[in-house]
Amino acid sequence: MKTILISSPSEPDGGSGISTYAKEISTSLSNKGYEIHFLSPAPKDISWLEQNNITHVLSDQNSSQADTCRRTFEYIKEHSIDAIINNDNPVITSLAPALKCPVISVGHMEKRTIAGLAAYNVEWMDYIVAISNDMKQTYTTRFDIPVSKCPVIHNGLNKVIDHVNHTNNSKLKVIFAGQYTRIKGADLIVDMILTRHPVWSNIELNWYGQLPTNIEKKVTSNPNVKIHGRVPRNILMERMKESDIFLMASRIEGCPMAMLEAMSYGVVPITSNGKGAMQWLIDHGIHGYVCDLKNWPSQALVCLDALHTNRALLREMQKSVLNHFNENHLTDNTTDKLLHLLSNPTVDRSNPKKKITALKWHRSLNSSFIEKVCWRLGILRPESTLNLE
């Protein structure tokens, strides 16, 4: 196995968590000597592709998906692709019954069309990889995926940083990155901001993400809170490096890349016990804190107060979470496990299908009302039947 195609639903220079995951495993596999082809919408900046000697394959969400499926099918044959790792791209999901190489589908959510797409054509997927134990439970019960075909592999990152680079700020520098959605627990962050607590005089909270005007007005009534809106990923990472503490109040996640990014810089996470891998990425009280969703705002403030009061504990915890990340959450660990699965396929591909159903793009940038409803309900819609003979 030498040539691997990795797919993404968004361009590699975008900022989505799924795109970041696809890029991380692509870089790791390229560094291991594999020839990588990256299927996604067109990037504006191709520097990452050039730096890692990765070939881009266009999957345009605004074009006919049947045409894209046919073109991708011919590309896979022409370039003798040995294996495919699919990340929420409907082109590969549609083509799976016609392919002769092993295909892994990585599930990045347990709801919406993202979950439905991961489990679609399951009989033609060698494995459906869950990125958390909660997700595995959902896939094997709600989607009837055989438990033997649903391994759990946590995400990773390629960074190797051996020291914590934080200044001794008089105020704790705290960061939250997320839009104003209930899934991300943004309402809990707001409740925490509006809770009167003495520790607020010793905190600087920087929120990166779009907020409704009325919510932004509320939270900025606290003079220790700054709203920065959406920023490019490289800027967010620079701000992450400068932070002491990372907040994650999510009710539902997969294996959150943002939390791994924070850990990779030695930023202490205060996370939740919501559905997802976040509470299992750290040992509570050693590498950070896991707060109960029922009392998240008050518990998070208690943790912040403890770390402000005891700066020696904060510095020790920063070193501990960095060491924990380097020992357990590097992307090479993830790709070694994915390669093991690809070397042990489960599907008999001696008689691939000649006709497939080309699915419509499921997450359009300019979604109609119907498309948004379908996305929320997890409804995948066929575009056409495609004959690949």
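Helices and strands here are DSSP runs, numbered from the N terminus, with at least four residues for a helix and at least two for a strand. The model is predicted.

**View 1. Asn121 in the loop between H5 and strand S6**. Strand S6 spans residues 127–130. Asn121 is buried, because its relative accessible area of 17% falls under the 20% limit. A polar atom of the Asn121 side chain lies 2.8 Å from the backbone oxygen of Thr93. Beyond neighbours within four places in sequence, Asn121 is in contact with Thr93, Ser94 and Pro97. Asp283 sits elsewhere: its C-alpha atom is 37 Å from that of Asn121. Along the chain, Asn121 and Asp283 are 162 residues apart.

**View 2. Arg112, a buried residue without a salt bridge**. Arg112 belongs to helix H5, which covers residues 112–119. Glu110 carries the nearest side chain of opposite charge, and it is 10 Å away. The Arg112 side chain instead reaches a backbone atom, the oxygen of Arg376, at 3.5 Å. Setting aside neighbours within four places in sequence, the contacts of Arg112 are Ile183, Trp375, Arg376 and Gly378.

**View 3. A nonpolar surface patch that includes Ile379**. The patch measures about 520 Å². Phe369, Ile370, Val373, Leu377 and Ile379 make it. Helix H14 spans 369–377, and strand S14 spans 382–387. Ile379 lies in the loop between H14 and S14. Ile379 counts as partly exposed because its relative accessible area is 39%, between the limits of 20% and 50%. An α-helix has 3.6 residues a turn, so residues three or four places apart point the same way.

**View 4. Helix H10, mostly covered**. H10 runs over residues 257–264. Seven of its eight residues are buried. They are Met257, Met259, Leu260, Glu261, Ala262, Met263 and Ser264. Both helices and strands contribute to the cover over these buried residues. The helices include H1 (17–31), H9 (233–241) and H12 (311–328). The strands include S10 (245–247) and S11 (268–272).

**View 5. Gly266, just after H10**. Gly266 takes a positive phi of about 75°. The helix that precedes Gly266 is H10, whose residues are 257–264.

Conventions: Residues numbered from 1 in each chain as written. Predicted model: local features only at pLDDT ≥ 70, side-chain atom pairs only at ≥ 80, totals over all residues. Heavy atoms only, no water. Buried < 20%, exposed > 50% of the residue type's maximum accessible area, 1.4 Å probe, protein only. Lys, Arg positive; Asp, Glu negative; His and termini not counted. Salt bridge = Lys/Arg side-chain N within 4 Å of Asp/Glu carboxyl O. Polar contact = N/O pair within 3.5 Å; in protein donor to acceptor, adjacent residues only side chain to side chain. Contact = heavy atoms within 4.5 Å. Patch = residues over 30% accessible without salt bridge, like charges linked within 9 Å, V, L, I, M, F, W, Y side chains within 5 Å. Areas by Shrake-Rupley, 256 points an atom, 1.4 Å probe, with all protein chains shown as cover.
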